[in-house]
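Got the model open and not sure where to begin? Here are some questions and answers to walk through with the structure in view.

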Amino acid sequence: MSAEMIRVDHKLPDPIETLLSTLRESGYEAYVIGGAVRDLLLGKHPDDYDVATSALPEEVLAVFGEKSVHPTGISHGTVTVVVGGVPVEVTTFRVDGDYMDSRHPENVNFTRSLEKDIKRRDFTVNALALSEDGTILDYCGGVDDLKSRRLRTVGDPKERFHEDALRILRALRFASEHGFAIEEETSREIFAQKASLRALSAERVWKEFSKLICGTYCAPILRKYFDVFNVFIPELGPMKGFEQHNPHHIFDVWEHTLAAMTYVPATVVLRASILFHDIGKPPCFEMGEDGVRHFRGHPKVSAAMADSILQRLKVDTDTRETVVLLVKAHDVPLDPILKNVRRRLAQYGEEKVRLLLEVKRADISAHSLKSAYRLEELAKFEVLLDQAIEEQMCFSFSSMEINGKDLIDLGIPTGTLLGSIKKQLLNEIIDGTLQNDRNALLVRASEIWKERQ
Ligand code: ATP
Ligand code: MG
């Protein structure tokens with residue numbers, strides 16, 4: 001089969017151009033391949049450029065020399081070539097061996113044929129090659145699919161998903177990121193083979209899923225492929241169709257969550273916090289005497305569930321802990337009073353308070369219109385927050401103008417009493433009744449000590 005060739009008018013970055021032409025001048029084929037070509041055709045700026053070549057890894061080494069070539073993934077045919085200070089991944093054309101367990105190819109066979117390398121790739125829109133003169137080689141109709149924003153597998157979806165179940169999640173991830181419509185047969189196979197996601201390692205699932213939830217089009221994908229996500233997060237199940245019968249809510253718990261997903265900025269921490277913020281509502285449900293449903297304590301339950309889901313998906317501790325904190329705190333009031341702003345700063349620190357503002361904003365935006373005034377309150381809270389930060393107020397022991405030793409010098413014995421005096425001083429500073437001034441603090445510390453004796 002011959003490739004469809006079209007030309008694009010795009011200047012590749014200099015190091016990439018040099019890399020491609022150097023390989024070509026040495027008698028090999030070399031192309032930018034995969035995601036970068038797709039992104040260029042979509043008018044997006046590629047994050048990184050992958051290069052595929054007919055040269056074997058040792059031939060790439062011979063062309064660029066030992067100093068510039070690092071054997072990063074040499075068993076898969078990938079080396080990193082540093083050109084003009086920029087590291088670029090260069091992979092030898094290959095055909096994958098048999099896939100034995102829906103996970104990893106058993107062996108890697110190199111080939112000199114671009115076409116064969118292209119045919120092993122997952123989706124037609126990712127199966128495009130670009131040479132340094134701007135020619136695109138398209139063996140699978142990827143350019144047409146890109147034009148009509150259609151996602152389909154290279155070849156039979158049944159086989160391709162059977163070979164590697166990760167492609168199921170990758171399909172949903174690309175659809176969420178780029179707004180592709182998933183072609184009908186590809187979509188049918190995604191549902192049919194969803195159970196094979198269980199065979200994947202948690203790390204690979206999270207790598208794709210975390211990108212998926214950051215996509216511009218994540219809400220329609222999460223909605224349509226709900227059953228697929230339930231395979232690895234079954235806790236989502238009860239949210240769908242769970243009516244709230246509460247004047248603040250116009251949606252069921254799942255639809256409310258999806259609406260909030262589109263309001264919150266696209267970072268992993270924020271999107272995951274929104275995804276899980278109400279996951280504890282179904283188990284917390286109580287019917288009030290007034291016929292209004294209540295979900296007392298649901299933030300705590302949601303936080304515990306988020307914690308166990310993220311542990312199971314082997315998410316890094318920092319991300320997990322921040323998400324758990326935000327889920328737990330999502331109903332904490334942020335009243336626009338300076339004293340409160342300082343208290344929250346002392347409690348969570350600036351970075352987390354700002355994240356909490358985003359979570360609450362998205363949550364409230366996805367409530368009924370009756371909650372609009374609460375958004376104004378959050379805006380006022382943010383103004384006061386900026387003011388508190390600018391004034392560099394003291395919110396922690398470490399920024400107090402005295403330390404433990406000063407208190408000991410006053411004669412206060414070390415132990416719990418000393419700790420509680422320090423805490424009271426900090427609270428009074430935060431509440432604005434005490435200045436963070438050395439003399440004022442020493443005087444007040446003596447007073448408190450006397451009161452306690
Ligand atoms: P991104 O811009 O998000 O990095 P990408 O398309 O470059 O998207 P990568 O995961 O970097 O995605 O993969 C690079 C290329 O390798 C893909 O475009 C695709 O051609 C191929 N590829 C990656 N994973 C698979 C897979 N599981 N099965 C088949 N081909 C794959
Ligand atoms: Mg990539």
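Q: Which residues of α16 are buried?
A: This is a predicted model, so everything here is computed from it. A residue counts as buried when its relative accessible area is under 20%. By that cut-off, the buried residues of α16 are Thr319, Arg320, Thr322, Val323, Val324, Leu326, Val327 and Ala329.

Q: What do the buried residues of α16 pack against?
A: Contact here means heavy atoms within 4.5 Å. On that basis, the partners of the buried α16 residues are α13 (268–276), α15 (298–312), α17 and α18 (350–365).

Q: How far does α16 reach from its first C-alpha to its last?
A: The helix has 13 residues, and at 1.5 Å a residue you'd expect 18 Å. The model comes out close to that, with a reach of 18 Å.

Q: Is Leu325 buried, partly exposed or exposed?
A: Leu325 sits in helix α16, which covers residues 317–329. Partly exposed is the class between under 20% and over 50%. Leu325 has a relative accessible area of 29%, so it counts as partly exposed.

Q: Which residues is Leu325 in contact with, leaving aside its neighbours within four places in sequence?
A: Lys300 is 25 residues away in sequence, with its C-alpha 9.5 Å from that of Leu325. As for contacts beyond the sequence neighbours, Leu325 has Tyr348 and Lys352.

Q: How far is Arg344 from the nearest side chain of opposite charge?
A: Arg344 lies in helix α17, residues 338–348. It's buried yet has no salt bridge. A salt bridge needs the nitrogen and oxygen within 4 Å. The nearest side chain of opposite charge belongs to Asp335, at 6.4 Å.

Q: Which side chain makes a polar contact with the side chain of Arg344?
A: On the backbone side, the oxygen of Pro333 lies 3.2 Å from a polar atom of the Arg344 side chain. Arg344 also touches residues further off in sequence, including Val353 and Phe381. The side chain in polar contact with that of Arg344, at 2.6 Å, is Gln347.

Q: How many salt bridges does a search of the whole structure find?
A: Side chains of opposite charge can pair when their charged atoms come close. One such pair is Glu184 and Arg188, at 3.7 Å from N to O. Searching the whole structure gives a count of 33.

Q: Why are Glu184 and Arg188 separated by about one helical turn?
A: Both residues belong to helix α8, residues 184–192. Glu184 is exposed, at 60% relative accessible area. The separation of about one helical turn follows because the two are 4 residues apart.

Q: How many residues apart are Arg170 and Asp122?
A: Their side chains meet in a salt bridge, 2.7 Å from N to O. The pair links distant parts of the chain: Arg170 is in helix α7 (residues 166–178), while Asp122 is in the loop between α4 (114–119) and β9 (128–130). Asp122 is buried at 8%, whereas Arg170 is partly exposed at 22%. Along the chain, their separation is 48 residues.

Q: Which helix holds Glu255, the salt-bridge partner of Arg223?
A: The closest N and O atoms of Arg223 and Glu255 are 2.9 Å apart. Both count as partly exposed, Arg223 at 38% and Glu255 at 23%. The two are 32 residues apart, with Arg223 in helix α10 (residues 218–224) and Glu255 in helix α12.

Technical notes: Residues numbered from 1 in each chain as written. Chains lettered and ligands numbered in written order. Predicted model: local features only at pLDDT ≥ 70, side-chain atom pairs only at ≥ 80, totals over all residues. Heavy atoms only, no water. Buried < 20%, exposed > 50% of the residue type's maximum accessible area, 1.4 Å probe, protein only. Lys, Arg positive; Asp, Glu negative; His and termini not counted. Polar contact = N/O pair within 3.5 Å; in protein donor to acceptor, adjacent residues only side chain to side chain. Expected span 1.5 Å × (residues − 1).
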